[in-house]
Amino acid sequence: MISVIFDLDGTLVDSEPNYYESGRRTLERHGVPDFTWEQHSRFIGIGTRETLEILRERYGIRAPVEQLLAEQNAAYLELARTRTDVFPQMRELVERLHAEGAAMAVASGSSLAAIDAVLSGTGLDALLTTVVSAEEVAHGKPAPDVFLEAARRLGAEPADCVVVEDAAPGARAAHAAGMACMAVPYTPDIAGDPAFASAGLLFPGGQPEFSADAAYDWLAALRTA
């Protein structure tokens, strides 16, 4: 039986605008104005803590990472509860898998509080009850830790798991975990990243091209292979 492990941000939900805005506010508070979406986009798929560690060093911010993380999480939670949209075709896929009793989990670089806020705010918490945050493992993506922990909690072997991802670090993490990957790049311009070359199913056009029917049929074929 195939178990499906979903990344959250950019895969199930379009939360990146909220991450960008919360990060921009945090950096501005610490003397870094004009942090752009283009700059933010380079960190898509990397955990919040890892991102802040890099930015803190790059901009010479004196505040400790823990403080920056707390500030950004507070700003993000405020936005996440009311301004997060689920990609419609992803919701349809989750609902179909849930209806047939498929084992599913969310494995994300976000904090547990952020994951809970998004899932409860969108109603996905009723469908996805197994959740792993990068806070709970030693290393975030592109290390495989979150996916391996998700498999452990589902009682599944890594080889029997499929990861659904939008970002190159997540695709690398899936490969490192020994799991198949369904890739839906957050932006089409990253579809050519070598990390996606090993994906079993790739939607190069991203979410506009993603089809719940095509994804479900591919997963069904894996189950019978």
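**Pockets, cavity and cores of a predicted chain**

The largest pocket has a volume of about 220 Å³. The model in which this pocket is found is a predicted one. Lining the pocket are 14 residues, and those nearest its centre are Ser41, Arg42, Ile44, Ala168 and Ile190. Two elements, α2 (37–41) and α8 (168–177), each give two or more residues to this lining, and α8 supplies the largest share, three residues. By residue class, the lining of the largest pocket consists of eight nonpolar, two polar and four charged residues.

The second largest pocket encloses a volume of about 180 Å³. Its lining comprises 15 residues, with Arg49, Glu50, Gly109, Ala134 and Glu135 closest to the centre. Here the elements that give two or more residues are α3 (48–59) and α4; α3 gives the most, with three residues. The lining of this second pocket divides into four nonpolar, eight polar and three charged residues.

Besides these open sites, the model holds one cavity of 30 Å³ or more. The space in the largest cavity amounts to about 330 Å³. It is lined by 26 residues, and Tyr19, Phe43, Ile46, Gly47 and Thr48 lie nearest its centre. Both α1 (16–29) and α3 supply at least two residues of the cavity lining, and α1 gives the most, with five residues. Helix α3 thus recurs, as it also contributes to the lining of the second largest pocket. The cavity lining is made up of ten nonpolar, ten polar and six charged residues.

The overall fold provides the setting for these spaces. The chain contains nine helices and six strands. Its radius of gyration is 17 Å, close to the 17 Å that the globule rule gives for 225 residues, so the chain is as compact as a globular protein of that length. Along the principal axes, the C-alpha atoms fill a box of roughly 55 × 35 × 35 Å. Of the 225 residues, 54% are buried. Among contacts between residues at least 6 apart in sequence, 64% join residues at least 24 apart.

The interior can be followed through its nonpolar cores. In soluble globular proteins, nonpolar side chains tend to be buried together. The largest nonpolar core in this chain has 43 residues, and Phe6, Leu12, Leu93, Leu97, Leu128, Met182 and Leu219 have the most contacts inside it. Two or more residues of this core come from each of β1 (3–6), α4 (65–80), α5 (88–99), β2 (104–108), α6 (112–122), β4 (161–165) and α9 (212–224). Leu219 illustrates how distant parts of the sequence meet: leaving aside residues up to four places away in sequence, Leu219 touches Ile2, Val4, Leu93, Leu97, Val162 and Met182. A second, separate core has 24 residues, including Ala105, Ala177, Met179 and Ala199.

Helix α7 (residues 145–154) offers a local view of burial. The buried residues of α7 are Asp145, Val146, Phe147, Glu149, Ala150 and Ala151. The elements covering these buried residues include β1, β2, β3 (131–133), β4 and α8. Among them, β1, β2 and β4 also give residues to the largest nonpolar core, while α8 is the element that supplies three residues to the lining of the largest pocket. Just after α7, Gly155 takes a positive phi of about 70°.

Note on methods. Residues numbered from 1 in each chain as written. Predicted model: local features only at pLDDT ≥ 70, side-chain atom pairs only at ≥ 80, totals over all residues. Heavy atoms only, no water. Core = buried A, V, L, I, M, F, W, Y, C linked by side-chain atoms within 4.5 Å. Buried < 20%, exposed > 50% of the residue type's maximum accessible area, 1.4 Å probe, protein only. Helix = DSSP H or I, 4+ residues; strand = E, 2+ residues; numbered from the N terminus. Contact = heavy atoms within 4.5 Å. 1 Å grid on protein atoms, 1.4 Å probe; cavity = no way out; pocket = protein on both sides within 12 Å on 5 of 7 lines; lining within 4 Å. Points joined across faces, edges and corners; volume = space filled by probe spheres on them. Nonpolar A, V, L, I, M, F, W, Y, C, P; charged D, E, K, R; others polar. Rg over C-alpha atoms; globule rule 2.2 N^0.38 Å.
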